[in-house]
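Please walk with me through this protein chain, step by step, with the sequence and the three-dimensional view side by side. We will begin with helices that meet, and then turn to rings, loops and some unusual backbone places.

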Amino acid sequence: MIMDLSKPANLPNPSRRNLIKLISATAGALTLGFDLPALAASLASEVKLHSAGQEIALGSWIKITPDNQVTVMLSQAEIGQGISTTLPAILVDELGADWQGIRLETAPFAPAFRNPKLNWMFTGNSESTQSFFDLMRKTGASAREMLVSAAAQRWQVAVTECHAENSHIVHAGSGRTFGFGELVADAAKLPVPESPILKTQQQLKLVGRPLARIDIPSKVDGSAVFGIDLQLPDMLHAAIRICPYIGGSMQTYDDTSIKTQPGVIAVVPFPNGLAVVASSYWLAKSALNNCPPEFVAAADSKLNSAQLRSDYQNALEQGPFVTAAQEADAGNVISKAKNRLQASYENAFAAHATMEPMNCTAHVSADKCEIWAPTQGQEFAHVALKNIFQLKDEQVIIHRTEAIGGGFGRRLLPDFVIQAALISKAVGNPVKLLWDREEDFAHDYYRPASLLALEAAVDEQGYPAALAVKLVSPTILLPVFPPIAGMLKEKHIDPSAIEGLTEIPYDIAAKRLDFHLLETAIPTSVMRTTGFGPNLFALECFIDELAHAARRDPLAYRQHLLRDNPRAMAVLAKVASMSHWSTRPAAKNRGRGLAFAYAFGTLIAQVLEVEVKGDAIRLLDTWLAVDCGQVLDPGIAAAGIEGGVVFGLAYANTAISFSKGRTDQRNFNDYELPYLAQTPHIAVEFINSGATLGGVGEVSPITVAPALSNAVFAATGKRIRQLPLARQRFRLA
């Protein structure tokens with residue numbers, strides 16, 4: 001095949017995505033002369049499904065065609081964390097199907113696909129593997145036993161003489177086989193086993209081994225369907241602008257002028273802004289830019305970062321506080337202590353800044369609402385739309401897109417989904433709504449800033465006899481879990497905001513946590529690490545300060561406080577060995593910092609080595625030891641830890657600030673994320689302790705900021721107690 005790329009007419013669509021597809025296709029043909037075989041299962045979004053009428057379901061999760069095509073449902077959103085490989089592999093391993101030929105289907109919202117522990121369909125909080133592991137194993141094992149029983153009945157043999165292998169049932173004595181597809185109709189008529197026999201660890205072929213990720217090939221060749229890529233017949237496009245001032249309002253807009261702009265089909269007003277619908281997104285966005293609505297800040301708005309920090313400080317000094325956790329009388333011990341140490345730590349507001357901005361495609365009619373969205377919160381969207389349009393459950397259909405360009409908790413919220421649905425309802429057509437980056441930054445639900453004051457009573461050996469923590473933070477959980485509103489009003493405690501401080505793993509006899517729920521107009525919600533990240537920045541820096549005050553090695557100090565915790569001791573020993581903590585002295589201007597965390601069911605220890613010259617911090621190496629109980633896929637787990645390190649650097653290095661009632665940051669030019677050249681060399685090792693399964697998606701960003709702070713102190717003698725780094729006149733080199 002010869003293609004003249006110099007002639008645009010030969011290109012089906014001169015977009016970057018189609019160019020990637022074209023380059024991938026031609027490069028493969030030229031260099032190999034043949035198509036590469038599939039390396040693993042394939043992922044199909046709902047909009048690509050075919051031959052559905054021939055499929056026979058074995059429960060909610062497995063469908064098999066007569067020609068032996070096995071399809072497994074994927075309930076969890078693939079946001080780059082590899083869950084579209086790990087979860088299906090668990091089920092397929094127990095089922096005994098051929099992994100190479102498995103086809104995955106993105107699950108719609110349905111009760112069967114809810115998180116089995118929390119009874120809610122969502123992806124987040126490092127819950128996926130922890131919550132679904134047992135269900136996936138049981139589901140696969142049950143289906144296997146049903147297929148084995150169907151085969152045994154046909155052959156008139158005992159089920160113990162049969163086993164599943166590569167999507168076939170094999171009779172050991174005779175070597176006879178049936179494909180799953182030949183048995184599925186009979187198997188589907190059998191009762192589902194309540195307690196199927198699970199395979200032993202030795203019998204598993206996929207779990208615990210590195211697998212080629214299912215989501216990567218389509219992302220490389222450009223064929224992956226993100227929300228931003230979705231196309232429907234007769235689809236229109238919408239751009240939106242909501243008042244960027246928090247508490248402000250839209251003063252006026254010129255409806256007539258907007259409608260005279262090229263391609264504009266409709267203007268849809270919102271209570272505090274408007275959407276423009278056009279034949280293409282570019283025309284819709286251009287019309288908004290050419291005829292922008294006028295917005296004004298609230299008349300009494302004093303929203304700015306300086307005032308916000310003052311509000312936090314006043315709350316810390318004046319309260320009121322409620323006691324969220326207490327062991328023994330920490331306050332009394334501290335008041336009577338001869339030696340005390342205290343310090344305060346400050347975390348800044350942060351934006352989710354997902355690479356794919358918020359977007360949603362909706363088609364709403366009088367009796368149906370159908371949604372295609374890159375969402376983490378299918379059920380939240382379903383409930384919201386059902387109530388808004390007064391529809392029945394079956395009249396609201398939520399399709400999650402095959403690929404999602406980042407989530408970090410932001411896509412748990414349905415605000416952008418609701419906007420798209422309202423626009424579609426207004427114009428009577430399918431509509432794709434796409435936020436531009438400026439809208440995305442202006443209308444995030446930010447990770448809240450927090451302020452913590454820690455005080456310890458120190459015994460004669462320099463160890464804490466008591467620890468008291470005061471924490472000031474707005475809500476984290478309320479936007480994604482509205483039912484908690486009553487608890488917040490009554491008890492003034494947000495469970496997510498206090499994470500990491502209610503069950504401190506260190507052996508400290510007396511502990512107390514006091515919490516002030518700060519009321520603020522700034523919208524705040526969950527973000528990767530939830531409360532663990534900001535709270536353990538404070539705790540781990542404070543532990544380091546205690547060690548320094550006691551003139552003890554930070555590693556040995558933590559080992560003493562964790563001496564009765566074998567898993568924690570193993571993680572610390574592992575990271576000490578990896579980093580040569582005790583044997584490699586730091587060079588001039590260099591320092592190493594240590595941080596430890598127990599979060600999301602996982603233990604992690606990190607050592608970070610830096611070189612500091614003036615205000616410039618150069619990150620050299622970092623080592624992380626992780627005990628998540630059982631490593632389900634070493635490659636994917638390591639990638640998650642490595643990516644989390646970079647994410648943690650973003651928390652430390654950049655922030656959202658406010659002035660004149662709105663965010664100062666508009667785009668990535670002033671919300672600067674870490675560059676590849678700024679990241680350290682990363683080494684990760686896992687400990688398979690056999691303990692209860694923990695999560696790896698959110699744990700590694702937690703230890704980055706305190707390890708960095710402690711490393712800077714080791715190099716310079718200067719403590720970093722405020723983030724981002726610029727607040728203390730440091731920067732990443």
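At roughly what angle do the axes of helix α17 and helix α18 cross? Before answering, keep in mind that this is a predicted model, and that everything below describes that model. Helix α17 covers residues 634–653 and helix α18 covers residues 700–716, and their axes come within 7 Å and cross at roughly 50°. That angle makes α17 oblique to α18, and the crossing of the two helices is right-handed. On the side of α17, the contact is made by G640, I641, G644, V645, F647, G648, L649 and A652, while α18 contributes S700, P701, V704, A705 and L708. Sorted by class, this contact of α17 with α18 has nine nonpolar and four polar residues, and no charged ones.

A second pair of helices can be set beside this one. The axes of helix α15 (residues 554–561) and helix α16 (residues 566–579) come within 10 Å and cross at roughly 165°, which makes α15 roughly antiparallel to α16. Here α15 passes α16 in a left-handed crossing. The contact is made by L555, R558 and Q559 of α15, together with M569, L572 and A576 of α16, and by class it has four nonpolar residues, one polar and one charged.

From helices we can move to aromatic side chains, of which the structure holds 14 pairs. In one of them, Y345 and F537 meet edge-to-face, with 6.0 Å from centre to centre and 85° between the planes. This pair links distant parts of the chain, since Y345 belongs to strand β15 (residues 339–347) and F537 to helix α14 (residues 532–549), 192 residues apart. Both Y345 and F537 are buried. Elsewhere, ring pairs link Y312, F349, Y446 and F658 into a cluster.

Next, consider some single residues and their surroundings. T85 is found in helix α2 (residues 83–95), and with a relative accessible area of 0% T85 is buried. If we leave aside its neighbours within four places in sequence, T85 is in contact with E78, W99, L211, A212, R213, I214, D215 and I636.

The loops also hold buried residues. G405 lies in the loop between β18 (396–400) and α11 (415–427), and is buried, with a relative accessible area of 13%. Not counting residues up to four places away in sequence, G405 touches F226, T354, M355, E356 and R411. Its C-alpha is 7.8 Å from that of P374, although G405 and P374 are 31 residues apart in sequence.

Is G462, in the loop between β20 (450–458) and β21 (464–473), buried or exposed? With a relative accessible area of 9%, G462 is buried. Apart from neighbours within four places in sequence, G462 is in contact with L546, A550 and Y557, and the last of these, Y557, is 95 residues away in sequence but 9.3 Å away from C-alpha to C-alpha. D459 is found in the loop between β20 and β21 as well, yet D459 counts as partly exposed, at 27% relative accessibility. D459 and N339 are 120 residues apart in sequence, whereas their C-alpha atoms are 7.1 Å apart in space.

Finally, let us look at the backbone itself. Most residues other than glycine have a negative phi, and most peptide bonds are trans. Against that background, a cis peptide bond joins G319 and P320, with omega about 5°, and P320 is placed in the loop between α8 (305–318) and β14 (322–327). Another cis peptide bond joins L723 and P724, again with omega about 5°, and P724 is found in the loop between α18 and β29 (731–732).

Positive phi values can be found in residues other than glycine too. D234 has a phi near 60° and lies in the loop between α5 (216–221) and β9 (236–242), where D234 counts as exposed, at 63% relative accessibility. T529 has a positive phi of about 90° although it is not a glycine, and T529 is found in the loop between β22 (510–517) and α14. With a relative accessible area of 0%, T529 is buried.

Technical notes. Residues are numbered from 1 along each chain as its sequence is written. This is a predicted model: local features need pLDDT of at least 70, side-chain atom pairs count only at pLDDT 80 or more; totals for chains, interfaces and linings use all residues. Side-chain values use heavy atoms; hydrogens and water are left out. Axes are lines fitted to C-alpha atoms, for helices over the stretch in contact, and angles run from 0 to 180 degrees between N-to-C directions. Helices (H or I, at least four residues) and strands (E, at least two) are DSSP runs, numbered from the N terminus. Angles under 35 degrees count as roughly parallel, over 145 as roughly antiparallel, 65 to 115 as roughly perpendicular and the rest as oblique. A crossing is left-handed if the near helix is turned anticlockwise from the far one by less than a right angle, and right-handed if clockwise. Contact means heavy atoms within 4.5 Å. Ala, Val, Leu, Ile, Met, Phe, Trp, Tyr, Cys and Pro count as nonpolar, Asp, Glu, Lys and Arg as charged, and the others, Gly among them, as polar. Rings of Phe, Tyr and Trp (its six-membered ring) pair if their centres lie within 6.5 Å; planes under 30 degrees apart count as stacked, over 60 as edge-to-face and the rest as tilted. Buried means under 20% relative accessible area, exposed over 50%, partly exposed in between (1.4 Å probe, protein chains only).
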